[in-house]
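The following exercises are intended for a reader who has the sequence and the coordinates at hand. Each task is followed by a worked solution.

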Amino acid sequence: MGCHMYKKSVVIGVTGGIAAYKAVDVVSRLKKNNYNVNVIMTKAAQKFVSPLTFQSISMNYVVTDMFEEAKTWEVEHIALAKKADLFVIVPATANIIGKIANGIADDMLSTTVMATRAPVLFAPAMNTNMFCNTIVQENIFKLKRVGYHFVEPSEGRLACGDFGMGKLADPEIIVLEAEKLLNVGNDLVGKKILITAGPTREPIDPVRYITNYSSGKMGYAVAEASAKRGAEVILISGPTALKRPLGVTVIDVITTNDMYEAVLQNYKWADIIIKAAAVSDYRPESIAQNKIKKLNEDMSIKLTKNPDILKELGKIKNKNQILIGFAAETQSLINNASVKMENKNLDFIVANDVTREGAGFDSDTNIVTIIDKNENIRHFDKMSKLELADIIIDKAKQMME
Ligand code: CTP
């Protein structure tokens, strides 16, 4: 759906360095994000990782040597050079950097890179002294000047035991930089998106609390997709076990009241507000100062209502802000969700029946119906939360226009 219709092609050039095994992770992440990936390995690279590994992960034949199949190589390298939407050289040794910078094309990778018009991203990895070597630095400078891209290595302990600059950048960062060059994301540049995610937690005493099964996956997926498309993102998150999405400002909160305050402090800034959090509707009226002892046969906790954050936003938002809510239901999905949308003055609501297999809490997929204020109702089949994130953002963007 949406932006995944045309599969973009990434050609990964692997050169001979210890970090070659990390290129496997880069390929795997790109496949997961739905790109077609072809791998070209230099002779030296094959000493570190077997082509079969890359073949299995990329699900494509790995190109290894231009003279082995004399009849096809020429076609092949030109075909890959043409087909590529992006080249990523990971890891990039001083050798490949030197060759490309000086116009030497003597193997499959260097000839293909020379023949492409696609952007080329180098992810260097080498010994610190090599990286700092003036010739290497001049080569990098020269390549940058004529439009080649680099994702800088980081500082750390290197394979040789030295400590310093030259460690391959984190595969996650390499993929993020690659996706920037693929223009996955620039349709939301200049847009500001506020997202809430996860459960909230209401303390009972110093060791106990009330919460729900929300994992935060849906809200985090929306944050990740928004950032990838170039938006500025603030994610207000209840307690979750999830990794923070790259390029997103995260504000951690625990209780509904914390979330309410954080939202009120930031909502004015946002063009789009997406409330994916599963907010605790009630909290204990008072929090016991000490651990509650089991003295009686029964016990009850008096609960009091929390603010309805979304409803408040519906009252105070300005007319240019797009407000989006979620509805988790176990019955009368469309009806309950429509009522919520109206009561809370939303632009649209994403409704899911949490009792269905493949929908709702902690699932990587979701099955939803989107209902908007103009009474458009659209049902969607089961899809990943990341795919759904793009659909939600597309709809928000469309309603802004
Ligand atoms: N929500 C909120 N503040 C609350 C309760 C809910 O901001 N105190 C938001 C949620 O983030 C979600 C939407 O309201 O986007 C709907 O949440 P849901 O729990 O399904 O609905 P409620 O309004 O709480 O209604 P009910 O629990 O009675 O079904």
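The exercises treat the domains, the ligand site and selected backbone features of a predicted model.

**Exercise 1. Domain layout**

State into which domains the chain is divided, and give the separation of their centres.

Solution.
1. Domain 1 covers residues 9–182.
2. Domain 2 is assigned two segments, 192–281 and 299–400.
3. Taken over C-alpha atoms, the centres of domain 1 and domain 2 are separated by 39 Å.

**Exercise 2. The shell around the ligand**

Determine how many residues surround the ligand, how they divide by class, and which elements supply them.

Solution.
1. The ligand is surrounded by 14 residues.
2. The closest of these are K275, A277, F326, K340 and K344.
3. Sorted by class, the shell holds 8 nonpolar, 1 polar and 5 charged residues.
4. Two elements, α12 (309–316) and β16 (322–329), each contribute at least two residues to the shell.
5. The largest share, 4 residues, is that of β16.

**Exercise 3. Polar contacts and cover of the ligand**

Identify the protein atoms that pair with ligand nitrogen and oxygen atoms, using a cut-off of 3.5 Å for a polar contact. Then state how much of the ligand's accessible area is covered by the protein.

Solution.
1. For P307, a polar backbone atom lies 2.9 Å from a nitrogen atom of the ligand.
2. For D308, the partner is an N or O atom in the side chain, 3.4 Å from a ligand nitrogen atom.
3. For L310, a polar backbone atom lies 2.9 Å from an oxygen atom of the ligand.
4. On its own the ligand has 570 Å² of accessible area, of which the protein covers 76%.
5. The space that the ligand takes is the second largest pocket.

**Exercise 4. Helix α3 and its ends**

Which residue caps the N-terminal end of α3, and what phi does M59 take?

Solution.
1. Helix α3 spans residues 51–58.
2. The cap is S50, with a side-chain oxygen 2.9 Å from the backbone nitrogen of L52.
3. Just after α3, M59 has a positive phi of about 60°.

**Exercise 5. Further backbone geometry**

Locate P91 and S332, and describe the backbone at each.

Solution.
1. P91 belongs to strand β3, residues 86–92.
2. The peptide bond from V90 to P91 is cis, and its omega is near -10°.
3. S332 is placed in the loop between β16 and α13 (333–343).
4. Although S332 is a residue other than glycine, its phi is positive, near 40°.

Key:
Residues are numbered from 1 along each chain as its sequence is written. This is a predicted model: local features need pLDDT of at least 70, side-chain atom pairs count only at pLDDT 80 or more; totals for chains, interfaces and linings use all residues. Side-chain values use heavy atoms; hydrogens and water are left out. A residue is near a molecule or strand if one of its heavy atoms lies within 4 Å of it. A polar contact is a pair of N or O atoms within 3.5 Å; within protein, one must be able to donate a hydrogen and the other to accept it, and residues adjacent in sequence count only if both atoms are side-chain atoms. Accessible areas come from the Shrake-Rupley method with a 1.4 Å probe; for residues, only the protein chains shown count as cover. On a 1 Å grid over the protein atoms alone, a cavity is a set of points where a 1.4 Å probe fits but cannot get out, and a pocket is an open set with protein on both sides within 12 Å along at least five of seven lines; lining residues have an atom within 4 Å of a point. A molecule sits in a cavity or pocket if more than half of its atoms lie within 2 Å of its grid points. Ala, Val, Leu, Ile, Met, Phe, Trp, Tyr, Cys and Pro count as nonpolar, Asp, Glu, Lys and Arg as charged, and the others, Gly among them, as polar. Domain bounds come from an automatic or database domain assignment.
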